[in-house]
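Welcome! Let's take a short walk through this structure together, one stop at a time.

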Amino acid sequence: MIEQTVDIETKDGKTTTFITHPERGGPFPVVIFYMDAPAIREELRDMARRLGTSGYYVMLPNMYYRAGVMELGPINPDPESPERKRMFELMHSLNIPLVMEDTRGLLAYAETQKAANTRIIGTVGYCMSGRYAVNAATHFPDRVKAAASVYGTHLATDQSDSPHLAAQKSKAELYFACAETDIYAPAEIIEQVKAGMKGSNNEVEIYPGTHHGFAFPKRPVYDRDAAERHWERLLALYRRNLV
């Protein structure tokens, strides 16, 4: 496997991006891996590596570069802790237009790389980034063929770019993996997403007995069986579409 960390030019500066892909057999379909709120860490790099070994050119960008932040370190679970307040401040500094501009920069860089096939793209976003992964499919409809939201937030809003409306705007196959218990995506929100996906080949799946964050090995809510199921679903999604 090839690994590198590069600073990629965007409209607002440079985002430090972890890239991994197989050593042989390219060019590979590009997968953009949008981080969750606690920011870049080795846990996410390991997940990117797992994706890369399946035959993809995986890009994991630092989405907090505008604030000069790369890694946050351990997050105190106390909602009143300074670390947690800082995380939410950073998370709320992002929005769909900003992240789509960053995605444009990531793809422009990938187009210069022999190992990357930017005509075939997949996306995945966890937590705050589920909506970004889905919006990449609507903003780059000719290239993004598959998008996955894993316990995503803000999935059904009153905005025109709400993820629950994405089936009308993209030909990509969309997959929503949802925790059964999730204060950031309660049952009524998931029902709106299901209604928005009705009549399409997209899937909204609830993982029984799980909580928000179940796919991350370092979280107390980690559920090994559910995490492995999410990997099976994600890789099958990409096998069907990134060809």
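Our walk starts at Asp158, found in the loop that links strand E6 (144-150) to strand E7 (173-181); helices (H or I, at least four residues) and strands (E, at least two) are DSSP runs numbered from the N terminus. This is a predicted model, where local features need pLDDT of at least 70 and side-chain atom pairs count only at pLDDT 80 or more, while totals for chains, interfaces and linings use all residues. Residues are numbered from 1 along each chain as its sequence is written, and side-chain values use heavy atoms, leaving out hydrogens and water.

Is Asp158 buried or exposed? Asp158 counts as exposed because its relative accessibility is 73% (exposed is over 50%, buried under 20%, partly exposed in between, with a 1.4 Å probe and protein chains only).

Now turn to helix H6 (residues 224-241). Its 18 residues should span 26 Å at 1.5 Å a residue, and the end C-alpha atoms are indeed 26 Å apart, so the two agree (the expected span is 1.5 Å times one less than the number of residues). Among the buried residues of H6 are Trp231, Leu234 and Tyr238. The buried residues of H6 pack against several elements, including strand E3 (28-34), helix H1 (42-52) and strand E5 (116-126).

Let's follow Tyr238 inward. Leaving aside residues up to four places away in sequence, Tyr238 touches Val31, Leu51, Tyr56, Gly122, Thr123, Val124 and Ala146, where contact means heavy atoms within 4.5 Å.
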